[in-house]
Structure formats: C-alpha cells, structure tokens
Amino acid sequence: MEQRILGGQGLRVSALGLGCMGMTFAYGGQDDAESRATLERALELGVTFFDTADMYGPHTNEELLGSVLGPRRDEVVIATKFGNEIGPDGQGTGRVNGRPDYLRGQIDGSLQRLRTDHVDLYYQHRVDPDVPIEETWGALGELVTAGKVRHLGISEAAPETIRRAHATAPMSAVQTEYSLFTRDVEDNGVLAACRELGIGFVPYSPIGRGFLAGTIRSTEDLPEGDWRRNSPRFQGEALQANLRVLDEVNALAERKGVSPTQLALAWVLAQGEDIVPIPGTKRRRYLEENVGAVDVTLTSEEFAAIEEVAPVGVASGERYPAAAMQTLDH
Ligand SMILES: NC(=O)c1ccc[n+]([C@@H]2O[C@H](COP(=O)([O-])OP(=O)(O)OC[C@H]3O[C@@H](n4cnc5c(N)ncnc54)[C@H](OP(=O)(O)O)[C@@H]3O)[C@@H](O)[C@H]2O)c1
C-alpha cells in the first residue's frame with residue numbers, strides 16, 4: 001500500500017488507516033471475532049495505521065487492539081486519544097478534561113491496555129475550554145520526552161488552538177470529520193492552518209459515518225442503541241434531503257463502476273498527500289472493498305461532477321446532537 005507522511009516529524013503510515021471505534025462503541029452490531037479478523041486482514045492488506053481512543057468503550061476498544069496488535073507491535077502505527085473525560089468508575093462523565101495531571105494518568109492506562117510501552121500518535125480528543133492549551137500541550141510535550149508518546153495530534157480544534165498547541169509542542173496531525181459530504185474543514189480555516197504549519201490531516205468518518213455507503217436509508221435501518229439514531233443528519237427532513245444528495249453521488253459511482261464507498265474514499269485520498277483517512281469498519285468484506293479505493297483515480301470531469309452534487313455545506317443537519325456540538329472548539 002502507498003505510504004504517506006503525517007506532519008513535519010516524519011510519521012509514516014499507510015495511505016488508508018483503519019478506524020476501530022465501531023468495533024466496540026457508538027455503532028451497533030458488535031462482533032469481537034469478526035473485529036479481530038478484520039484487524040488481522042488489515043495487516044495482510046498493508047494497512048498499518050489504527051485509530052482508537054480511551055473513550056471508545058470506554059477502554060474496550062484499546063483492549064481489543066492491544067490483544068490483536070500487541071504481539072505485532074513493530075508492524076503497526078497506533079493512534080489513541082484522551083480528553084473526553086472518563087471518571088473513576090470507568091464511565092464517561094460527558095465533560096472534557098485537558099488538565100496535565102489527568103492526561104498523565106490516561107496515557108499510562110492506554111499503554112497498559114494497548115500492551116505497549118509507547119503510543120505512536122497521541123491525540124487530544126477534544127479541547128478543554130477551561131485549561132489553556134499551552135498547559136495541556138506542555139504536558140503532552142513531556143510525554144514525548146519521556147518516550148511514552150512519539151507524535152502528537154489534536155481532534156476537532158479551531159485554527160487558533162492548532163497554532164498555539166503546535167507552538168508549544170510540535171503537532172503531527174489534526175483529526176476532524178471530513179468527507180465529500182462534510183467539507184467544513186475546507187471552509188473554516190482548519191485545513192489551511194494544517195497546510196501552513198506542515199501538519200498532517202486525518203479525516204475521520206470519511207464515509208459520512210456510513211451514510212455514503214448507501215445502505216442506511218431510514219433511521220430504522222440503524223440497530224437499537226446505535227449513536228446515529230440521535231444524530232440530526234440521520235433524522236426526519238434532514239435525512240430525506242441528505243438521501244437526495246446521496247442518490248446523485250451513488251449515480252456517479254455507478255457510472256464509474258466503483259462502489260459508493262470507494263468513490264467517497266478516493267475523493268478524500270485525492271485531496272492531498274498530507275491526508276490519511278481512517279474509514280471505520282468491523283467487517284473484513286467492507287475493509288477489502290474500502291482498501292480498493294487506494295487504486296481508484298478520479299478524472300477532473302469526475303471531480304467537477306462531485307463538486308456539483310456535493311459542494312461545501314451540502315449536508316443537512318448538524319454533525320452532532322446539540323450538547324456534543326458544544327464540545328467542539330470554534
Ligand atoms: N476524533 C473524533 O472525534 C472521532 C469521531 C468519530 C470517529 N472517529 C474515528 O474515525 C473512524 C472512522 O469514522 P466512523 O467509523 O465514524 O465513520 P465512517 O468511517 O465514515 O463510516 C463507518 C461506518 O460505515 C460502515 N461501512 C464501512 N465500510 C463500508 C462499506 N464498504 N459498505 C458499507 N458500509 C460500510 C461501517 O459499518 P460496520 O461498522 O458495520 O463495519 C460503519 O457503520 C472511527 O472508527 C474512529 O476511529 C473519530
């Protein structure tokens with residue numbers, strides 16, 4: 001698989017990563033045996049970049065990755081995250097915590113669960129408005145010096161926060177939602193800031209949380225307990241409007257003879273060498289299909305056609321329910 005470099009510190013990863021969140025968190029249909037097989041198959045296909053977070057579960061996602069990837073540690077690049085606060089009872093508190101003493105405790109737990117002595121890429125999952133970013137990133141820089149972490153990243157941060165954090169300790173990657181359906185980062189200065197500062201960009205939910213695959217046509221298609229049932233984009237009139245866009249995107253994929261997911265991933269991959277999407281799946285057959293996107297090349301006519309049906313701002317409905325929207329840094 002093609003390799004890409006994230007940021008100025010030389011973090012080398014496969015052009016397509018694997019998002020592991022849905023294996024144990026947020027999306028329904030957990031199947032640990034298939035998830036394990038998917039992780040193994042990813043390695044066979046040349047995927048080396050695996051994305052998790054302490055909050056996924058909490059903890060179960062890192063444990064799953066640790067059990068499969070721990071023995072193959074030298075072959076993989078592991079990214080995890082802290083900052084969506086987990087309380088002493090092991091459950092999410094709904095708050096964000098960027099305090100140095102908190103993150104020092106979190107990294108040790110992540111290392112233990114991941115069965116490793118270092119994390120390759122450690123992200124601040126959300127920005128804590130009550131803690132100056134320099135305090136958080138000063139402590140993150142100390143983790144790099146201590147050898148517990150090799151590279152640093154941040155998720156869902158505003159351009160000014162990215163600048164201040166990067167000035168405190170070098171940042172290798174920004175992770176934020178980005179797909180042909182959710183192009184906010186092209187418009188709000190995030191992608192431009194990354195490029196100006198030489199920071200890599202990792203699009204999460206590059207298949208629009210599964211929407212661009214075309215199999216979710218109604219809220220009822222989602223399993224009970226699936227997070228997307230509460231997402232404004234998967235409900236009511238917003239969903240109907242989004243389906244109209246989806247049908248046009250699907251027609252473009254059909255015309256090209258690729259799957260809708262491959263079209264979506266090929267589009268993200270083509271946005272720049274500094275971009276490494278992490279599509280999520282817990283199934284080998286989806287993974288194999290998605291990896292095929294690395295070999296799909298879009299023509300300028302096809303880019304123009306996608307631009308016409310899916311311009312910046314095309315999606316209806318917010319990306320998160322109201323309370324979660326407030327935890328995003330603006
Ligand atoms: N930093 C953050 O705040 C943040 C937020 C969200 C996600 N993330 C990270 O980004 C990763 C990817 O995002 P995501 O999982 O939210 O969304 P995504 O990659 O856009 O889509 C994942 C969904 O698409 C489905 N899917 C994948 N390939 C498919 C295919 N070929 N055909 C049909 N359906 C397919 C998956 O189904 P199955 O699950 O059934 O395989 C899953 O429901 C996550 O795993 C996580 O690591 C980070």
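Glu62 lies in helix H2, which spans residues 60–69. In this predicted model, Glu62 has a relative accessibility of 0% and therefore counts as buried. Its side chain takes part in two contacts described here. A polar contact of 2.5 Å joins the side chain of Glu62 to that of Thr80. In addition, a polar atom of the Glu62 side chain lies 3.4 Å from the backbone nitrogen of Asp54. The acidic side chain of this buried residue is thus placed beside a side-chain partner, Thr80, and a backbone partner, Asp54.

Other charged residues engage in salt bridges, of which a search of the whole structure finds 27. One of them joins the side chains of Glu75 and Arg72, with an N to O distance of 2.8 Å. Glu75 has a relative accessibility of 40%, so it counts as partly exposed. Arg72, at 27%, also falls in the partly exposed class, because that class covers values between 20% and 50%.

A second pair is found within helix H5, residues 159–168, where Arg163 and Glu160 both lie. These two residues are three positions apart, about one turn of the helix. Arg163 forms a salt bridge with Glu160, and the closest N and O atoms are 4.0 Å apart. Arg163 is partly exposed, its relative accessible area being 31%. Glu160 is likewise partly exposed, with a value of 48%. For this residue the class follows from the cut-off, because exposed requires over 50%.

The side chains of Arg228 and Asp226 meet in a further salt bridge, at 2.8 Å from N to O. Here both Arg228 and Asp226 are buried. Elsewhere, Glu2, Arg4 and Glu273 are joined into one network by salt bridges that share partners.

The loop between strand S9 (149–155) and helix H5 contains Ala158. Is Ala158 buried or exposed? Ala158 counts as buried, because its relative accessibility is 9%, and buried means under 20%. Along the chain, Ala158 and Gln271 are 113 residues apart, and their C-alpha atoms are separated by 20 Å.

The description now turns to the ligand. It is surrounded by 31 residues, and the closest are Tyr27, Asp51, Ile207, Gly280 and Thr281. By class, this shell has twelve nonpolar, eleven polar and eight charged residues. Helix H10, residues 284–291, supplies the largest share of the shell, namely three residues.

Which atoms of the protein approach the oxygen and nitrogen atoms of the ligand? A backbone N or O atom of Ile207 lies 2.7 Å from an oxygen atom of the ligand. A backbone N or O atom of Gly19 is placed 3.4 Å from a ligand oxygen atom. Asn290 contributes through its side chain, where an N or O atom is 2.9 Å from a nitrogen atom of the ligand. The protein covers 96% of the 910 Å² of accessible area that the ligand has on its own.

A record gives a wider frame for these details. In an unreviewed entry, UniProt places the feature "domain: NADP-dependent oxidoreductase" at residues 16–309. Over residues 16–309 the chain of the model is 42% helix and 14% strand. The C-alpha atoms at the two ends of this segment are 25 Å apart.

Conventions
Residues numbered from 1 in each chain as written. Predicted model: local features only at pLDDT ≥ 70, side-chain atom pairs only at ≥ 80, totals over all residues. Heavy atoms only, no water. Near = heavy atom within 4 Å. Polar contact = N/O pair within 3.5 Å; in protein donor to acceptor, adjacent residues only side chain to side chain. Areas by Shrake-Rupley, 256 points an atom, 1.4 Å probe, with all protein chains shown as cover. Helix = DSSP H or I, 4+ residues; strand = E, 2+ residues; numbered from the N terminus. Nonpolar A, V, L, I, M, F, W, Y, C, P; charged D, E, K, R; others polar. UniProt positions renumbered as here; feature names shortened; annotations may be inferred. Buried < 20%, exposed > 50% of the residue type's maximum accessible area, 1.4 Å probe, protein only.
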